[in-house]
Amino acid sequence: MRALLATAVAFFVVLFQAETALSANLLAEVSLSSQTMVVMQNGIVKHRWRVSTGRKGFGTPTGSWKAKWASRDHRSRKYDNAPMPYAIFFNGGYAVHATFDTRRLGRPASHGCVRLHPSNAATFFQLANRNGLSNTRIVITR
């Protein structure tokens, strides 16, 4: 009986370790002051990108959130059907998403969302979906 119990415990330990490895933590740290986003996976910096956050009158909220939902080809219902490709929503209508106005990256220019170059947004979208939205955290600081 003890041998069977020991085998079962060993099996569940291996299963737990495998599941933990598959559900790697993904962290996106956005700095409003430097207009950058650093993406870390399991504590290792994988990417550092320029962003555009909320311009005057359209602040980007600060705080920490889990990613809530993703939409590859999203369009804004609030702002004239504006394209928001590769959107990862984290707080109500706020999302990290692509912009085609890439010349404004590196300074505040959005209605509050965190905007990225389209190729960077696609990369983040893929990482967030691969790691699981519940394992993706977005932290925005001043």
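1. The protein has two helices and nine strands (DSSP runs, numbered from the N terminus: H or I of at least four residues for a helix, E of at least two for a strand). Along the sequence, these elements follow the pattern α-β-β-β-β-β-β-β-β-α-β. The model is predicted, with local features requiring pLDDT of at least 70 and side-chain atom pairs pLDDT 80 or more, while totals for chains, interfaces and linings use all residues. Residues are numbered from 1 along each chain as its sequence is written, and side-chain values use heavy atoms, leaving out hydrogens and water.

2. Two overall figures help with orientation. Of the 142 residues in the protein, 40% are buried (under 20% relative accessible area with a 1.4 Å probe and protein chains only; over 50% is exposed, and in between is partly exposed). Among contacts (heavy atoms within 4.5 Å) with a separation of 6 or more, 54% join residues 24 or more positions apart.

3. Strand 6 is a good place to start looking. Strand 6 covers residues 83-91 and is mostly covered, with seven of its nine residues buried. On one side, strand 6 pairs with strand 5 through six bridges, and the two run antiparallel (pairing takes at least two DSSP bridges). In this pairing, Ala70 stands opposite Ile88. Three bridges also join strand 6 to strand 7, again in an antiparallel arrangement. Here the bridge partner of Ile88 is Val96, while Asn91 stands opposite Tyr94.

4. What lies between strand 6 and strand 7 in their hairpin? Two residues separate these strands, and Gly92 in the turn has a positive phi of about 60°.

5. Strand 7 comprises residues 94-98. Four of its five residues are buried, so strand 7 is largely enclosed by the rest of the structure. Besides its pairing with strand 6, strand 7 is joined by three bridges to strand 8 (residues 114-116), and these two run parallel. Val96 has Val114 as its bridge partner in strand 8.

6. The largest nonpolar core has 25 residues (a core is a set of buried Ala, Val, Leu, Ile, Met, Phe, Trp, Tyr and Cys residues joined through side-chain atoms within 4.5 Å). Met37, Ile88, Val96, Leu116, Phe124, Ile138 and Ile140 have the most contacts inside this core. Two or more residues come from each of strand 1, strand 2, strand 6, strand 7, strand 8, helix 2 (118-131) and strand 9 (136-141). Helix 2 gives the largest share, five residues.

7. Which residues does Phe124 contact beyond its neighbours within four places in sequence? The list is Leu26, Ala28, Met37, Val39, Trp49, Ile88, Val96, Leu116, Thr136 and Ile138. Apart from the largest core lies another, of five residues, including Ala87, Phe89, Ala95 and Cys113.

8. The largest pocket holds about 560 Å³ of space. For reference, a pocket is an open set of points on a 1 Å grid over the protein atoms alone, where a 1.4 Å probe fits and protein lies on both sides within 12 Å along at least five of seven lines; lining residues have an atom within 4 Å of a point. The volume is the space filled by probe spheres set on the points, which are joined across faces, edges and corners. Of the 28 lining residues, Ser76, Tyr79, Met84, His111 and Cys113 are the closest to the centre. Strand 5 (69-75), strand 6 and strand 7 each give two or more residues to the lining.

9. The lining of this pocket divides into twelve nonpolar, ten polar and six charged residues. In this count Ala, Val, Leu, Ile, Met, Phe, Trp, Tyr, Cys and Pro are nonpolar, Asp, Glu, Lys and Arg are charged, and the others, Gly among them, are polar.

10. Two backbone angles deserve a look. Most residues other than glycine have a negative phi. Gln35, however, has a positive phi near 55°; this residue sits in the loop between strand 1 (26-31) and strand 2 (36-41). Gln35 is buried, with a relative accessible area of 3%. Tyr86, also not a glycine, has a positive phi of about 55°, and its place is in strand 6.

11. A last residue to check is Gln41, found in strand 2. Gln41 is buried, at a relative accessible area of 16%. Its C-alpha atom is separated by 5.8 Å from that of Asn25, 16 residues apart along the chain.
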